[in-house]
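Work through the exercises below with the model open. Try each task before reading its solution.

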Amino acid sequence: MKKTLRILLALTMLLSIGAMSLAEGIDYTTGTPWLDSDLEGNVTADTPVELKDDFALYVNKDKILATQIPEGYAQTGTIDDINRQLTEDTKNMFLGEAPKEHDAKLAYDLFWLMLDWDSRNALGIAPLKAAVDEIEAIDSIDALNAYLLEKPIEDQISVLFAAANFTDFMDSTRNLLAVASITPLLEDSAEYIEMTDFGKIKKDAMIELAQKMLRKLGYSEEETQKKIDNCFAFETALAPTIATNEDQKKPDYPAKIYNIYSYDELKVLEDKLPVLELAAHCGFPKTDKYMVMSPSYFEKLNELYTEENLPLIRDYMIVQGAISSAESLDRECYEWAVARKNAISGASSMLPDEDVFAPAVSKKLVWPVARLYSETYLRQEDKDRISLLVDEIIEAYHGVINDAAFLSDTTKAKAIEKLEAMNKAVLYPDDWSKYACDDLNFASKDEGGTLWEAEKRINAFTITQNVKEFSEPVDNSKWPMPPNIVNCMYYSVQNTMYIFGAFCKDTIYRSDMSDEEIYGKLGWVIGHEISHAFDSGGA
């Protein structure tokens, strides 16, 4: 398998090139510490390597030395190559004539609204300024509650907590209403407790963007610094109650967030916070069970939810909103947002707008783009062939389980029962009606629409759909993720393995590959996903 060069992003909790270059005076030839050969610059022609010491590096050293990260990107490798092809394919769907079908036209129109710099520059920062001014006018906790409960959710530029539909871990036939904490600016709450070198890189990049955005909003240098300090002070106070990235990877994490409260119990926990009221404002009905992912978060937020701390809360909302809105505003704000991302990821330049906005549309209009991609690039013949491959590997797993000497006969029987009940979802859904966006509409560029308004309409539609799904029986045949992602997964709630269409491209799968090659390049991935049904998470 092709060796990758990686500068891994914050969401994977790993470090950038600058933070992970070879440290002077450390001997990596002993294996302690281990040389991370995936990071650019760590391996040179002079790097010694023996087969018995580092098999992966021994096999791939020449490939590593020959591979260059493309301009504008933070990493490269087999999967990254396929991702870049996905971007190219998605972009090409939007560069021809406008499609006639409603959902496809939504995706097409959003792409061109993103590229409409004349309109975006004419609006400038005005939409954000109007939102920020409303937050600045909040002068009491009562006024804050009124803002949260009266202003449409899609018009709010930041949140203090969230409510969303969630499939019950313990009963996959029913939905739960989950209430959750914020995601802090540094994403990993551990960074607020003991900051790493990478955390410092990320914080500096966030601060730089916040400074530029706040100054553009009209704040003085002193006011800007005060707001940023208040934002981080507020997040720092909450951080110990938010699960770290490391915690989220532990086998007991699902159990830790599965905290079931009745309506009356949540009413006591929320205390001064309008948690239940906000859920009702979103449109969720009163229910008998709520999943509180971090009770300690709401306890701590209650402590902070005072008149005295109102400046911290207000400034947190403004700084969060300014940072998250930058990419949707004018060219200057957009370029500042790109510079922030590059500083964090290690990328050295800007990509062409079309190469950024094609995947951006895929994230905002997930299913319209997914269907258009599937109908344009994926074939029934490949779906049938890969489905047969999945069936063969599932059948082979009977031997894997029965030959496992460390399993009891009872455990083997249960594992076989689960294996035989496993569902497979290959390339794309069979029924697209489940994913239609018939009720979503926004004005196109030609109709005088703007990106800011389109994104608000999309956010409102997403909330409405989430509420609708909560009120209906769980449809376990519905895909949790779209087929146009370069990945595969096992989804334990459904006992379903997903082989997504965009993953089965180029070096991973081609129609002209022999069965042997497909087993070597895609078959092992299928076997890996099946194994998740029996690991500490899936089991």
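The exercises that follow treat a predicted model.

**Exercise 1. Describe how helices α10 and α16 pack, and state which residues meet.**

Solution.
- Step 1. Locate the helices: α10 covers residues 221-238 and α16 covers residues 310-325.
- Step 2. Take the geometry. The angle is about 105°, and the axes lie 8 Å apart.
- Step 3. Classify the angle. Angles of 65 to 115 degrees count as roughly perpendicular, so α10 is roughly perpendicular to α16.
- Step 4. List the contact. From α10 come Lys226, Lys227, Ile228, Asn230, Cys231, Ala233, Phe234 and Glu235. They meet Pro311, Leu312, Ile313, Asp315, Tyr316, Ile318, Val319 and Gln320 in α16.
- Step 5. Sort by class. The contact of α10 with α16 has 10 nonpolar, two polar and four charged residues.

**Exercise 2. In the sheet of β5, β6 and β7, find which strands stand at the edges.**

Solution.
- Step 1. Write the order: β5-β7-β6, an open sheet with mixed pairing.
- Step 2. Count partners. β5 (423-427) and β6 (488-491) each have a single partner strand, so both stand at the edges, with one side lacking a neighbour in the sheet.
- Step 3. Check the turn. Neighbouring strands are turned by 10° against each other on average, direction ignored.
- Step 4. Examine one pair. β5 and β7 (residues 496-500) run parallel and are joined by five bridges. Asn423 has Thr496 in β7 as its bridge partner.
- Step 5. Add the helix. α23 (residues 515-531) packs on the sheet and touches β6 and β7. Its direction makes about 150° with that of β7.

**Exercise 3. How many cavities of 30 Å³ or more does the structure hold, and what lines them?**

Solution.
- Step 1. Count: there are two.
- Step 2. Take the largest cavity, with a volume of about 60 Å³. Its lining is Arg120, Leu123, Gly124, Pro127, Ser328, Leu329, Thr450, Leu451 and Trp452. By class, that is five nonpolar, three polar and one charged. α5 (117-123) and α22 (451-470) each supply at least two of these residues.
- Step 3. Take the second largest cavity, at about 40 Å³. Asp103, Trp367, Pro368, Arg371, Trp432, Tyr435 and Ala436 line it. Helix α19 (residues 366-377) gives the largest share, three residues. This lining has five nonpolar, no polar and two charged residues.

**Exercise 4. Characterise the second largest pocket.**

Solution.
- Step 1. Its volume is about 420 Å³.
- Step 2. The lining has 19 residues; Ser181, Ile242, Ala243, Gln248 and Tyr253 lie nearest the centre.
- Step 3. α11 (245-248) and α12 (253-257) each contribute at least two lining residues.
- Step 4. The classes are 10 nonpolar, six polar and three charged.

Definitions and conventions. Residues are numbered from 1 along each chain as its sequence is written. This is a predicted model: local features need pLDDT of at least 70, side-chain atom pairs count only at pLDDT 80 or more; totals for chains, interfaces and linings use all residues. Side-chain values use heavy atoms; hydrogens and water are left out. On a 1 Å grid over the protein atoms alone, a cavity is a set of points where a 1.4 Å probe fits but cannot get out, and a pocket is an open set with protein on both sides within 12 Å along at least five of seven lines; lining residues have an atom within 4 Å of a point. Grid points are joined across faces, edges and corners, and a volume is the space filled by probe spheres set on the points. Helices (H or I, at least four residues) and strands (E, at least two) are DSSP runs, numbered from the N terminus. Ala, Val, Leu, Ile, Met, Phe, Trp, Tyr, Cys and Pro count as nonpolar, Asp, Glu, Lys and Arg as charged, and the others, Gly among them, as polar. Axes are lines fitted to C-alpha atoms, for helices over the stretch in contact, and angles run from 0 to 180 degrees between N-to-C directions. Angles under 35 degrees count as roughly parallel, over 145 as roughly antiparallel, 65 to 115 as roughly perpendicular and the rest as oblique. Contact means heavy atoms within 4.5 Å. Two strands pair if DSSP finds at least two bridges between them.
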